[in-house]
Amino acid sequence: MSPINSLSSSEADAPAAAWDGLLDTALARVRAGATLEVRGTLTRLAGLVLEATGVRVPVGSQVHIQMPGQAPVLAEVVGFAGERAFLMPAGDVHGLSRGASVTPAPPYVPVPRLGDVPDGAAPPAEGVLRLPLGDGLLGRVVDAQGLPMDHQGPVRDVRALPMDRQPINAMDRDPVRTVLDTGVRAINAMLTVGRGQRLGLFAGSGVGKSVLLGMMARYTAADVIVVGLIGERGREVKEFVEDILGEDGRARSVVVAAPSDAPPLLRMQGAAYATAVAEYFRDQGKHVLLLMDSLTRYAMAQREIALAIGEPPATKGYPPSCFAKLPGLVERSGNGKDGHGSITAFYTVLSEGDDQQDPIADAARAILDGHIVLSRALAESGHYPAIDIEQSASRVMHNVVSQEHFLLARHFRAVYSRYQKGRDLVQIGAYAPGADPQLDEAVRLAPGMAEFLQQDMFACSPLQQSVRQMAMALDPDGA
């Protein structure tokens, strides 16, 4: 279809005199430099995907689908085949029918418009996804499209910036060399986090992932906290903001929510938007803590989209594009250039059926800088946070802590593991004390080690205090 305005049936039937008026209007638009409109037609709706012909815009562009007398439905171009474009809606498709018009969406402009187009710059192109970024997002709760959800009026002091951002060259990033205090004793002492590190919280449902995220949101030393609630229960949004962040935490936080009832396109867009918000503040030189719950729901949203447009399933129903999207999202966090800001990211990963070899969990473990595994057995015994230190690891710990701290943590892990291996024999009375001096030591230290690894959700344990308590757990008599 040629990029010209199509004529309606009433215009085609107009008398000759009316044609002169239409021609004058068209010439006036051309002289004024008005852009020509590309308009397509909706031809098919099957499941989650819509098909349109006559609209030629790149993959990733935003379009409006509109029926006469109805509000437009926003959609994104997710693929094409020949003359057909595959669209994924970002809203309710109720009321759409064959023949609806499909046009490129105008660029997003927040209210009020503040510096969206600098003087002398070209206006933003139609169809390019642009969402609000700026200091005005601090303290706000927004959805995947940057619209406020907290009933506090429009988001101000923001600019509409494109979401398609170039990744930082790996050789330009600063290495992870600085300790980040999370306030969680088991993590500070045994799984020490470095500023700019990316870690995963791996667990099944209902074992305390959200509570542990909340502890880190309250106690981690960061300038800005960005929380992405992606594909999780809508109930958790208000609870996280009011009960976990509180007034003090909310003032330095941005919450992006795309709950489970949002379309898959918005769930994916929410994760990308939360990452873009974190990138914005990192580029301002700030140290950002990014908490995303969850990476698995992001992959599931991509699976829904990919299967809807005909991509073949691969591992457990996940198409190959899912495993390509994960590193593209995760690699955007980390340290900035030349010490200019950082993003320390924690991604929750839902292990279906507590299977640590779940394909998404396995893929995430390979691309992250560490993994913290939460054990259902520990949670059921009342051990919180239910961190299984035997299965957990921080890949940068040796780069950010002293040699003394590192050796102490390794000794703690060895003693704890020895007790776990011999615990059943001790409990059933099949072990005779004195037969294994290492197990004897582990049995003696086990109560103090278990107490050390547990922590109330409203208690903060700073880094140095955590290390001292770990040493006391290994040497309770102070010898």
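Buried here means under 20% relative accessible area, a cut-off worth having in hand for these close-ups of a predicted model.

**Figure 1. Y318 shares its ring with two neighbours, F323 and R303.** With a relative accessible area of 1%, Y318 falls under the 20% cut-off, so it counts as buried. Its ring and that of F323 make an edge-to-face pair, with 6.2 Å between centres and 65 degrees between planes. F323 is partly exposed, at 26% relative accessible area. Then there's R303, which lies over the face of Y318, 4.2 Å from the ring centre.

**Figure 2. F412 and F452 bring two helices into one view.** This is a tilted aromatic pair: the ring centres of F412 and F452 are 5.3 Å apart and the planes make an angle of 55 degrees. The two residues come from distant parts of the chain, 40 residues apart, with F412 in helix α12 (residues 403–427) and F452 in helix α13 (residues 437–453). Both F412 and F452 are buried. Searching the whole structure turns up three aromatic pairs.

**Figure 3. Six strands close into a barrel.** Go round it and you meet the strands in the order β1-β2-β5-β4-β3-β6, with antiparallel pairing. From one strand to the next, the twist averages 45 degrees. Look for the place where β1 (residues 40–46) meets β6 (residues 101–104): two bridges join them, again in the antiparallel sense. G40 has V102 as its bridge partner in β6.

**Figure 4. Helix α6 lies across three strands, β3, β4 and β5.** The helix covers residues 264–283, and the strands under view are β3 (62–66), β4 (73–81) and β5 (84–89). It runs at about 75 degrees to β5. How far should α6 span, at 1.5 Å a residue? Its 20 residues should span 28 Å, and the end C-alpha atoms are 29 Å apart, so the two agree. Of those 20 residues, 18 are buried, which is why α6 is largely enclosed by the rest of the structure. After α6 comes G285, with a positive phi near 90 degrees.

**Figure 5. V467 sits in helix α14.** The helix takes in residues 463–474. At 17% relative accessible area, V467 is buried. Leaving aside residues up to four places away in sequence, V467 touches H405 and L408. M190 is 277 residues away from V467 in sequence, yet the two C-alpha atoms are 8.7 Å apart in space.

**Figure 6. R365 lies over the face of F202.** The distance from R365 to the ring centre of F202 is 5.2 Å.

How values were computed. Residues are numbered from 1 along each chain as its sequence is written. This is a predicted model: local features need pLDDT of at least 70, side-chain atom pairs count only at pLDDT 80 or more; totals for chains, interfaces and linings use all residues. Side-chain values use heavy atoms; hydrogens and water are left out. Two strands pair if DSSP finds at least two bridges between them. Helices (H or I, at least four residues) and strands (E, at least two) are DSSP runs, numbered from the N terminus. Axes are lines fitted to C-alpha atoms, for helices over the stretch in contact, and angles run from 0 to 180 degrees between N-to-C directions. Contact means heavy atoms within 4.5 Å. The expected span of a helix is 1.5 Å times one less than its number of residues. Buried means under 20% relative accessible area, exposed over 50%, partly exposed in between (1.4 Å probe, protein chains only). Rings of Phe, Tyr and Trp (its six-membered ring) pair if their centres lie within 6.5 Å; planes under 30 degrees apart count as stacked, over 60 as edge-to-face and the rest as tilted. A charge sits over a ring if NZ of Lys or CZ of Arg is within 6 Å of the ring centre and within 35 degrees of the ring normal.
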